[in-house]
Amino acid sequence: MRAIWKGAVSFGLVNVPVRLYAATENHDVQFRQVHRTDGGRIRYKRFCSKDGQEVAYDDIAKGYETEDGQMIVLTDDDMAELPTRSSKEISVEKFVPEDQIDPMLLDKSYYLEPDKTATKPYVLLREALEAEGRMAIVTVSIRTRMTMAVLRVRDGVIVMQTMLWPDEIRSADFASVEDQELSDKEMSMARMLIDELAGDYDPDEFEDDYALAVEALVRAKIDGGQVQQVGDDEEESGEVVDLLAALARSVEKAKAARGESTPAPAKATAKKATAKKATAEKTTAKKATAKKATAKKTAATKSTAKKTSAKKTAAKKKAS
């Protein structure tokens with residue numbers, strides 16, 4: 001695994017340097033949208049809903065839509081003024097009983113690994129959490145935004161789980177479930193069913209049958225030769241292409257601001273390249289013609305020399 005963040009857990013006067021690793025990964029089956037007839041990938045372009053024009057990547061800004069449907073455009077300067085935090089500290093705010101944390105509040109999970117020099121305080125924190133049956137409520141800044149999280153122990157490793165804010169938990173707004181009168185027999189049958197299915201959780205007993213079925217289906221199609229050969233697209237991603245174009249324009253603007261000459265337009269460059277290629281082809285053709293002519297001349301010279309030598313030999317024999 002590769003660490004995605006480095007910082008330190010601080011509680012009281014104790015500071016534990018740690019590295020953060022993603023504890024989970026998504027194995028959900030991912031499909032691409034493709035053209036049914038030839039398997040080509042489907043690409044999308046960004047268009048403005050008002051003027052219908054395609055919008056370049058560097059012309060896209062962030063917009064906040066109000067409840068009444070108005071759109072507020074936020075510039076880079078506006079975003080720069082927002083409060084952000086880039087602290088590399090996981091600050092323990094308090095230690096709370098484990099049963100006080102509603103599982104619905106828990107979000108993403110990360111493993112914390114201590115630096116070699118901080119193994120002892122790391123183990124101290126781990127053992128204290130387990131012995132007291134508590135979790136640590138912490139604040140941490142990931143990708144410049146501060147969030148709440150908890151530290152807990154799993155299989156001898158401290159795990160940090162980020163938390164949703166309380167207002168991010170939706171209430172059950174459907175009709176409330178009214179109490180019903182239940183007979184002793186009904187409750188007895190329900191308890192009996194629960195006891196019949198009671199057991200310990202074993203993750204090996206469960207498998208993603210959908211993913212396995214998709215894998216088997218794809219393998220069968222490959223074995224049957226039902227594969228679409230799709231070449232590499234010229235535009236792997238609209239965003240990448242537009243970003244490169246934006247960078248190129250930025251470089252040209254910067255050079256122009258300094259009074260430097262900018263590169264020739266693409267069409268002119270293409271024409272020059274075509275002209276160079278044509279010249280090179282002509283030169284190659286001339287060289288080939290010259291070689292052929294030289295070869296013929298050499299062959300003719302050799303043939304004449306042989307004939308002359310043969311005549312001289314014949315004359316010598318007659319004279320003798």
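The largest nonpolar core, a set of buried Ala, Val, Leu, Ile, Met, Phe, Trp, Tyr and Cys residues joined through side-chain atoms within 4.5 Å, has 23 residues in this predicted model, and Val 9, Ile 90, Leu 112, Leu 151 and Met 160 are those with the most contacts inside it. Here buried stands for under 20% relative accessible area, exposed for over 50% and partly exposed for what lies in between (1.4 Å probe, protein chains only). At least two residues of this core come from each of several elements, including strand 1 (5-11), strand 5 (89-97), helix 2 (119-132) and strand 9 (157-163), while strand 7 gives the most, with 4 residues. A second, separate core of 7 residues includes Val 96, Ile 101, Met 135 and Met 163.

Leaving aside residues up to four places away in sequence, Val 9 touches, among others, Val 16, Ile 90, Leu 112, Leu 125 and Leu 151, contact being taken as heavy atoms within 4.5 Å.

Met 146 lies in strand 8 and counts as partly exposed because its relative accessibility is 28%; its C-alpha atom is separated by 8.9 Å from that of Ser 87, 59 residues apart along the chain.

The chain has 6 helices and 9 strands, defined as DSSP runs (H or I, at least four residues, and E, at least two) numbered from the N terminus, and buried residues make up 16% of its 320 residues.

Residues are numbered from 1 along each chain as its sequence is written, and side-chain values use heavy atoms, with hydrogens and water left out. Local features need pLDDT of at least 70 and side-chain atom pairs count only at pLDDT 80 or more, whereas totals for chains, interfaces and linings use all residues.
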